[in-house]
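Please look through the sequence and the structure shown here before reading on, and keep both in view. The paragraphs that follow begin with one pair of residues and widen from there.

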Amino acid sequence: MNVGEVLRFAWQGVTANKPRSALTTLGILIGVAAVIILVAVGTGSSKAVQDQISSLGSNTLTVSASSTAAGGRGGPAGGGGFAFFGAGDTTTSQNATQTRQPEVTMADAEAIAAAAESGEASAVLGVAPVVSAQSVTATYDGASHSVSTFTGTTPAYLLIDNSEVDEGRAFTDAEYTAHRRVAVVGTSVAEDLVGDDVGDLVGETVSFNGIEFEVVGILATKGSSGPQDQDDRVIAPATSVQDTLSGYGALGSISVKATSAEAVDQAETEIYAVLDARHGVTSTERDYSVSNASSFLEAATASNETFTVLLGAVAAISLLVGGIGVMNIMLVTVTERTREIGIRKAIGARRGDIVGQFLAEAVMLSLFGGAMGVLVGLVGSRFEIVGVQPVVAAYSVGLAFGVSVLIGLVFGLYPANRAAALRPIDALRYE
Amino acid sequence: MSLHRAAHVPAIDIRAVTKTYGEGETAVHALAGVDLVIERGEYVAVMGASGSGKSTLMNIVGCLDTGSSGRYLLDGVDVRRLVDSQLSWVRNRKIGFVFQSFNLVPRTSALRNVELPLAYAGVPKDERRTRALAALDRVGLADRVDHQPSELSGGQQQRVAVARAIVTDPVLLLADEPTGALDSRSTRDVLALFDELAAEGRTLLVITHEDEVAAHARRTIRMNDGVVVSDSARTVGVA
């Protein structure tokens, strides 16, 4: 009895009841396709976050206050919910046991800049303070837009943040020093206010929470990756933002650009040296932290891996259910074909022949389902799913296909053995 | 198992075979000690009412079942000592079955059905085809080789079954009520075929309850209550 014969018998079995075989195959198909697509979604969203973080610049560092009470790590754009106090309020809101509110200040930013200029911090290319204003609504000519990120900073920030001005111009050092109420806005903000011709907004006066700023430039589109729209932002001189929207409290963060990606570690050490001295702390009691893109990347990657594993696990369950479907159908098939098994045994089929035939039948079902599943999975992964462009992971294709074949073997073994164990005399009598 | 001994080794040599179902007081003795010797080339009919034990005897002779006690030599081989895989081999090479209900594999052409025992015997594809076609030709179905069982009449199906039974050139052709499901014309066809096979020197054991069928055999054995009550070849002590 050769392999070709076994396969031919199995194929006859599979094609004997086509709708049933098709439905059984469908179970495996869905399982395999789900594994491939969901893992691809996980991988895709992971890649999106990575792209987003690397677009911040691999040589950008962020200095922020490390406080257990308020805020937390703000992004380079200062998006963290940091509490800002007016100068007069600071003392009244102090906790009795706390001697010093953890914060980074404009003076800290100036100290780092001074160190960079004197050559003390040679790895630092640029420094920009980040002041964030919360819940800012822009209104212009009857249209309004809720700005998700309103940043007050110095002109150097645009360089540090890898941002470019598409139309109009950036604000200048002179305007910064003069507390001029000027702003550059992201395309999402501009589109909401004037429609598609965002350039129309240049030179216009837009009211932010009732304070009028002149729009001098439109930022180049960064695109939205993940849930955050990177173009929904407004950048203005920190001086005028403190005058009007945020008050003169602590900074949200300080953005620092190192001279190169390799110099990031050195720049970090230099920042520690400057700020430890200013804050009068040692490395173990720092009330601020310095982070860079790679540390964000690590955290994001870790959380994304969890997400991917979770999606994969859900899909694996559906694959398992498909496998149980194969076993179920094979058990039905064995019962249905008891008489045929008896005939085959009476004319000389050995135990192995019968096991081989039914096992091959089960594997054929799962193999076909697996192959179709890979096809559907690859096609399905070409479409954007919940805002994520899936990225097919090669291992998930191999794994899902391999597992589907394995499932055929494992779940086919029991029905096949049951068929082979039938006594020919009982099998022949079966009606 | 030497072929040269075949001349003086009977095809079937059964001594004191019993078959008991159940235990103790509920035990049923389907066979209560049967002795039977069938030489090669004999054409034997086994007759008896239902419950006489003839089907049980047929199952034991066909190696589909084993007796509770006694000895059974098939072509000189003690089948009680054989393991499962060896029994498969014996069924494949030494016995050809013809059943009342034809028992062809459904959705499989006549040719494939006849090839099946050869496939399990590991015969190469080309030889298999040649031999299967020859067997189908032998039963007069050369023009129906590609038909599926559902496309054949009862008589034709039974002739395919006979072709399948003789294709391996077995020691014994075992038929269990071969005409039980056939009309009279098909019955005549099949019986004529059996006569021809017997004339060719094949050993036939036909189990039947029809006198018409038994009349074709050269030796008739009657069974009742699990014992042989008469044997046309020799005198049996009748109770």
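In this predicted model, a good place to begin is B:Val98, whose bridge partner in strand β7 of chain B is B:Ala175. That pair belongs to a longer arrangement, since β6(B) and β7(B) pair in the parallel sense over four bridges. Strands of a sheet in general pair through backbone hydrogen bonds, and they do so either in the parallel or in the antiparallel sense. What covers the two faces of β6(B), and which residues lie on each side? Both faces are covered, with B:Ile95 and B:Phe97 on one side, B:Gly96 and B:Val98 on the other, and all of these are buried.

Stepping back from this pair of strands, one finds an open sheet of six strands in chain B, which run in the order β6-β7-β8-β3-β9-β10 with mixed pairing. Its edge strands are β6 (95-98) and β10 (227-231) of chain B, each of which pairs on one side only. From one strand to the next, the twist averages 20°. Helix α5 of chain B, made of residues 154-166, packs on this sheet and touches β6 and β7 (172-176) of chain B, while its direction makes about 170° with that of β6(B). Towards the other edge, strand β9 (residues 219-224) of chain B and β10(B) pair in the antiparallel sense over four bridges, and here B:Ile221 stands opposite B:Asp231 in β10(B).

Chain B also holds an open sheet of four strands, in the order β2-β1-β4-β5, and its pairing is antiparallel. The edge strands of this sheet are β2 (28-38) and β5 (77-78) of chain B, each pairing on one side only. Inside the sheet, strand β1 (residues 12-21) and strand β4 (residues 69-74) of chain B pair in the antiparallel sense over five bridges, and B:Arg15 stands opposite B:Arg71 in β4(B).

Turning now to chain A, its secondary structure comes to 13 helices and 14 strands, and buried residues make up 49% of its 431 residues. If one considers the contacts in chain A between residues at least 6 apart in sequence, 83% of them join residues at least 24 apart. A:Gly252 offers a single residue to look at, lying in the loop between α7 (238-246) and β13 (253-258) of chain A. Is this residue buried or exposed? A:Gly252 is buried because 32 other C-beta atoms lie within 10 Å, where 20 or more are enough for a residue to count as buried. The C-alpha atoms of A:Gly252 and A:Thr105 are separated by 8.6 Å, although the two residues are 147 residues apart along the chain.

Among the helices of chain A, α12 (residues 394-421) has 28 residues and reaches 41 Å from its first C-alpha to its last, close to the 40 Å expected at 1.5 Å a residue. Within α12(A), a kink of about 40° lies at A:Leu413, shortly before the proline A:Pro415.

Finally, the two chains can be viewed together: 15 residues of chain A are in contact with 22 residues of chain B. On the side of chain A that touches chain B, the elements that give two or more residues are α1 (3-16), α10 (338-346), α11 (351-380) and α13 (424-429) of chain A. The residues of that side of chain A divide into eight nonpolar, two polar and five charged.

Methods:
Residues are numbered from 1 along each chain as its sequence is written. Chains are lettered from A and ligands numbered from 1 in the order in which they are written. This is a predicted model: local features need pLDDT of at least 70, side-chain atom pairs count only at pLDDT 80 or more; totals for chains, interfaces and linings use all residues. A residue is buried if 20 or more other C-beta atoms lie within 10 Å of its own, exposed if 12 or fewer, and partly exposed in between; C-beta atoms are placed from the backbone. Two strands pair if DSSP finds at least two bridges between them. Axes are lines fitted to C-alpha atoms, for helices over the stretch in contact, and angles run from 0 to 180 degrees between N-to-C directions. Two residues are in contact if their C-beta atoms, placed from the backbone, lie within 7 Å. The expected span of a helix is 1.5 Å times one less than its number of residues. The bend at a residue is the angle between axes fitted to the seven residues ending there and the seven starting there. Ala, Val, Leu, Ile, Met, Phe, Trp, Tyr, Cys and Pro count as nonpolar, Asp, Glu, Lys and Arg as charged, and the others, Gly among them, as polar.
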